[in-house]
Amino acid sequence: MVKDFKAKLREYAHLLVEVGLNVQPGQTPSIESNVEFVDLTRSCVAACYDCGAREVVVYYGDDSITREGFLRADAAVFDEYPSYMKARVDWYLERKSPRLSFTGSNPELLKGVDPDRIQARRRVAGPATKPYFDAMTANRFQWCGSAHPTLAWAEKVFPGKTGQEAIDALWDAIFTVCRVTGDGKAVERWKAHAAATGRRVALLNGYQFRSLHYTNALGTDLTIRLPEDHVWAGVSDHTPEGVEFVANIPTEEVFTAPRWDGAEGRVYSALPLSVDGNLVDDFYLDFAQGRIVDVHAGQGEEFLRRAIDTDEGSHYLGEVALVPYDSPIRNTGLLFFNTLFDENASCHLAFGEAYPSCVKGGEDMDEGHRKAAGLNTSMTHIDFMVGTRDLSIVGTTHDGREIPVFVDGDFAF
Ligand code: ZN
Ligand code: ZN
């Protein structure tokens, strides 16, 4: 039993809707849910109407049906993206529907599935849903990704526990890292968290570093150039209409985009990475002129190579993110096998798509201009953790000053 579960679930739903989405009167939020998440979904729908939503639209997926399809459907199915699925996201886009989604899928959902099928589906789904997801990553409407436990996920995170005991343990962990205590004040705590993060973001934006140099005892020695007019962001974002929202709950990171052609050297992973449910561990990536030129993994190298091979852009970096080693997620000591959580445990980088908002005016640039401005473009975006207890990051300004950004795994300011 999770203590005060009902109160915490309600507090969590209000956090997601009031701070995550910040639903405005008259809006039509959409919730991407799962048949196993009915209670939280209903609480969120109620919270949306409390905020004055015009209508709340819910789409329920089903993991076991998804898996069955990937294993048993005709192979040709994966070469085509269903038009009704595209029509749905286009409808949301027209209405600038605030989008709430829950990760909580079985980490092994696609384990054992022919990787060609996954890749084929990704290749057709990407272009079909690109206008919608481009608008989302450009923050043209509010969006929030959050989490809900599933049995398979909970048992993976807590191998010593089974059934409801594992689910309860995962709920406890999610509530803890989301600052949900049952006292009904998570919304206030998140507003304070957003303000504190905003101070660091302002300092970093003031420095306008030309490059960052990463080193640690694992052997990381990586220099990353940053684009002109790059923009650091963290915790909260704003739509063009000025509505503040939090795109990830939980989130601890302060991030921007590197120049896609600006990485040189080697970076070692600090934590394992789960790619389509397959564990990749003990790896390093070598970069030359931004491109990943060599990969080695102690475990799961094939899955890492496939992910890097998604398209041309997935061979280059699209994100640089700073997270203190002493973060609520790292402090749980858990590996969540879920990027939403694990990426907030540690400083990380991502290969693939850069967020357009990471360069001034980037949201209004087409792909060609974004690339020219230094922002990577790709159909994928995969985060991997590089932050260790001893990580050092030194920023170099355009006039050659060297400023410590990270000392011993934590912010220097
Ligand atoms: Zn990130
Ligand atoms: Zn990322």
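What are the angles among the four donor atoms of the zinc ion (ligand 1), and is the site regular or irregular? The legends below describe close-up views of a predicted model.

**Figure 1. The site of the zinc ion (ligand 1) in the predicted model is irregular.** The angles among the four donor atoms run from 73 to 143°. The protein donors are an OE atom from each of Glu253, Glu319 and Glu343, together with NE2 of His348, at 1.9 to 2.4 Å from the ion. Their spacing along the chain follows the pattern E-x65-E-x23-E-x4-H. A second zinc ion (ligand 2) lies 3.4 Å from the zinc ion (ligand 1), and Glu319 coordinates both ions. Glu253 belongs to the loop between strands E9 (244–245) and E10 (254–256), while Glu343 belongs to the loop between helix H11 (339–342) and strand E16 (348–352); the pair therefore ties together parts of the chain that are 90 residues apart in sequence. Glu253 has a relative accessible area of 4% and is buried. Glu343, at 6% relative accessibility, is likewise counted as buried.

**Figure 2. Helix H2 lines one face with its buried residues.** The helix comprises the 13 residues 38–50. At 1.5 Å a residue these should span 18 Å, and the end C-alpha atoms are indeed 18 Å apart, so the expected and modelled values agree. Leu40, Thr41, Cys44, Val45, Ala47 and Cys48 are the buried residues of H2. Viewed down the helix axis, they fall within an arc of 165° and therefore line one face. Asp39, Arg42 and Asp50, on the other side of H2, are exposed. The partners against which the buried residues pack are helices H1 (5–21) and H7 (163–177), as well as strands E1 (30–34), E2 (57–61), E3 (99–103) and E4 (143–147). After the helix comes Gly52, which has a positive phi near 95°.

**Figure 3. Strand E6 pairs in the antiparallel sense with E5 and with E11.** Strand E5 (residues 211–215) and E6 are joined by five bridges, and His213 stands opposite Thr223 of E6. Five residues separate the two strands of this hairpin, and Gly219 in the turn has a positive phi of about 120°. The pairing of E6 with strand E11 (residues 263–268) involves four bridges; there, Leu222 has Gly265 as its bridge partner. Along E6 (residues 221–225) the side chains alternate between two faces. Leu222 and Ile224 point to one face and are buried, whereas Asp221, Thr223 and Arg225 point to the other and are not buried.

**Figure 4. Ile403 and Thr397 are in contact with each other.** Ile403 is located in strand E19 (residues 402–407), and Thr397 in the loop that connects strand E18 (392–396) to E19. Both residues lie under the 20% limit for burial: Ile403 has a relative accessible area of 14%, and Thr397 has a relative accessibility of 2%. Neighbours within four places in sequence aside, Ile403 contacts Tyr207, Phe209, Ile393, Val394, Gly395 and Thr397. With residues up to four places away likewise left out, Thr397 touches Tyr207, Phe209, Arg210 and Ile403. The C-alpha atoms of Ile403 and Arg210 are separated by 11 Å, although these residues are 193 residues apart along the chain.

Terms used: Residues are numbered from 1 along each chain as its sequence is written. Chains are lettered from A and ligands numbered from 1 in the order in which they are written. This is a predicted model: local features need pLDDT of at least 70, side-chain atom pairs count only at pLDDT 80 or more; totals for chains, interfaces and linings use all residues. Side-chain values use heavy atoms; hydrogens and water are left out. Buried means under 20% relative accessible area, exposed over 50%, partly exposed in between (1.4 Å probe, protein chains only). Two strands pair if DSSP finds at least two bridges between them. The expected span of a helix is 1.5 Å times one less than its number of residues. The arc is that of the directions from the helix axis to the C-beta atoms. Contact means heavy atoms within 4.5 Å. Donors are N, O and S atoms within 2.8 Å of the metal (3.2 Å for Na, K and Ca); water is not among the atoms, so sites may look incomplete. Four donors count as tetrahedral if all angles lie between 85 and 135 degrees; four count as square planar and six as octahedral if opposite donors are over 155 degrees apart and all others between 65 and 115; anything else is irregular.
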